[in-house]
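Colleague: Please take one part of this predicted model and go through it closely. I would like the helix packing handled in detail, with the surroundings and the confidence added where they bear on it.

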Amino acid sequence: MDDEFKDFFLQSFKLEQKTPKGVAARRRRSTSKMEEELKATKVLSDQRRQNISIVQKTMGLRGPQIAEALRTIDMRVLTEENLNRIGEMCATAKEIEDIQRTMAQLTRKRFKRQSNIGDKLLQLFPEEEQMMVELYRIKNVEDRVKNLIFTHTFGSDFAHYSNSVKLLHGAVNVVQAASREGQLGRILNNVLRFINMLNESSAAGFRISTLKKLSAVKMTKGKGSLMDVIVMHATTIDNERCGTFDDELDGLDEAHTINYNETKGQIHELSMNMESLRQVIEDIEGRSSSPETSQEEKQADEHYMRYLSQFYERESKKLLQLEGMLRACTEDFDVLRKFYYEPEMGINEFLGVILEFRNNFRKSELELEEKRKRAAHRKRQEEMKKLLKEKRAENAKNGNSDHAEDDDEHRSGQPRRGSAIVKRKKARRFSRQARRFSAVERGRRRSFSVNGSGPRRGSRPANLKAIKAEALKRKTDDARKKAGAANPPSTESENDERISAKSPPAP
């Protein structure tokens, strides 16, 4: 018989076995009792339990595995990110107190007659509470997690603060060298000279904060400030010694962005953490050498002590070098601060004053250069006008003024007001406008000016032909005046005869 058919036959005629009523009731009572006990063992809030569950799922590890990694210092599991997560899962004092009280109640209720219950009691708790208890069993677990995080972040923090101290110390050395041997010192000596001239004094020095006030001291005659005078003196009279003053202060912008007090505080915090690490190592060594400590406790601290000892021996020397660099930077700045009569000024404020002076110097230098360019442009224009005037006078003396003006306009690219080209353009424009008007409109415009009297403006003229003749006469006279003495104008009697011949007498 086929096995498939046999299974089909047996399943088709199988009798269903009914559970007795008493057994089902006992099962239901047992399930409800377990649920009630599970509710009774829940110590954490739902939100706290959910956060711990999310962290466990993210790490992919359960409570015993995480606790074992902390005991054996498994750095494959104890990354910086995972250590921060474990720190979030560590129980607070209140949570541990609640868990211990619940465990005591369950011991009296469930394991009253048992002496060695082991982990049976812990298994009654949910997984999140079990995770907390597993971490709490490690001695000083919070300090252990904090120290391990410090060992992870020390390398990056050391590199960052070391670079910051180097930049600050380099900026101090740059200002010190430029003040004593460079062009900055030469400019500051000029500032002292000008200040003594204004105050009529003979001071040996001035405070560095005075540099912020140079742009505010204005001239009483003319436009400008004391900073403009210093820049003018440095770029003209003393250009050989002050020409590259701006290049001497490279690197000050980046150093000014670093907060010296904050960097000093962070380095001090690194030293404190390293000192606490040394205390932990000494405490573990003391417990290990004590005869009261069990072998199990010694083995639990063995991996942790070995890891911290190796780290301390390797990194404490670097930290001492960093503290020495900070100390040297502070000492050099104290010397520079006393040199400029600023006993209470901080390094960031000092670098800010130097940078502000440099920026104001740049601004005044650019403005001075623009003024020089404008002055040179005006001078060239005046010289060009003078040359053109001499050229026109020479051409006029030779009797060729119009062509001289045309040549000048051709060289300059633009016609000059009153030149021959402009006059010809006006004449052509006038002739085009004159052709647009009718004879009646032209007569109406000039009717009131003939013989000093005429019809009112807007009325029809009395003798249109006489008006036209008068206009023609004026146009002819203007043309003869422009042409010169080549065509002398006609006499007055001839004009009268021409007008009387061409126009009838007025009514």
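Modeller: Helix 9 (residues 141–180) and helix 14 (residues 260–289) have axes that come within 10 Å of each other and cross at roughly 145°. The crossing of these two helices is left-handed. On the helix 9 side, the contact is made by N147, F150, F154, D157, Y161, S164, V165 and L168. Helix 14 contributes Y260, T263, Q266, I267, L270, N273, M274, L277 and V280. By residue type, this contact divides into 11 nonpolar, 5 polar and 1 charged.

Helix 9 is also the element with the highest confidence in the protein, at a mean pLDDT of 91. The lowest mean, 44, belongs to helix 21 (residues 492–502). Across the protein the average pLDDT is 76, and 71% of the residues score at least 70. Two stretches stay under 50. One is residues 401–405, for which the model has 8 contacts beyond four places in sequence. The other is residues 489–507, with 11 contacts beyond near neighbours in sequence. Where pLDDT is low, the predicted coordinates should not be read in detail.

Helix 9 matters to the interior count as well. The largest nonpolar core has 84 residues, and helix 9 supplies the largest share of this core, 14 residues. The residues with the most contacts inside the core are L70, I86, M89, L211 and F350. Of these, I86 is in contact with M59, I66, L70, L78, L135 and V145, leaving aside its neighbours within four places in sequence.

A charged residue of helix 9 deserves a separate look. R144 is found in this helix. R144 counts as buried because its relative accessibility is 4%, under the 20% cut-off. Outside its neighbours within four places in sequence, R144 is in contact with L70, R71, I138, A300, D301 and Y304. L70 thus appears in the contact lists of both R144 and I86.

Next, the stretch from helix 15 (residues 295–339) towards helix 16 (347–398). D334 is found in helix 15 and is partly exposed, with a relative accessible area of 25%. The C-alpha atoms of D334 and E344 are 9.6 Å apart in space, with these positions 10 residues apart in sequence numbering. Y341 has its place in the loop between helix 15 and helix 16. Its phi is positive, about 60°, although Y341 is not a glycine, and the residue is partly exposed at 44% relative accessible area. G346 lies in the loop between helix 15 and helix 16 and is partly exposed, at 31%. The C-alpha atom of G346 is separated by 8.9 Å from that of N261, 85 residues away along the chain.

Another positive phi in a residue other than glycine is that of E200, near 55°. E200 is placed in the loop between helix 10 (183–199) and helix 11 (226–237). With a relative accessible area of 74%, E200 is exposed.

For the wider setting, the secondary structure comes to 21 helices and 0 strands. Buried residues make up 32% of the 507 residues. Among contacts with a separation of 6 or more, 71% are between residues 24 or more positions apart.

Notes:
Residues are numbered from 1 along each chain as its sequence is written. This is a predicted model: local features need pLDDT of at least 70, side-chain atom pairs count only at pLDDT 80 or more; totals for chains, interfaces and linings use all residues. Side-chain values use heavy atoms; hydrogens and water are left out. Axes are lines fitted to C-alpha atoms, for helices over the stretch in contact, and angles run from 0 to 180 degrees between N-to-C directions. Helices (H or I, at least four residues) and strands (E, at least two) are DSSP runs, numbered from the N terminus. A crossing is left-handed if the near helix is turned anticlockwise from the far one by less than a right angle, and right-handed if clockwise. Contact means heavy atoms within 4.5 Å. Ala, Val, Leu, Ile, Met, Phe, Trp, Tyr, Cys and Pro count as nonpolar, Asp, Glu, Lys and Arg as charged, and the others, Gly among them, as polar. pLDDT is the predictor's confidence in each residue, from 0 to 100. A nonpolar core is a set of buried Ala, Val, Leu, Ile, Met, Phe, Trp, Tyr and Cys residues joined through side-chain atoms within 4.5 Å. Buried means under 20% relative accessible area, exposed over 50%, partly exposed in between (1.4 Å probe, protein chains only).
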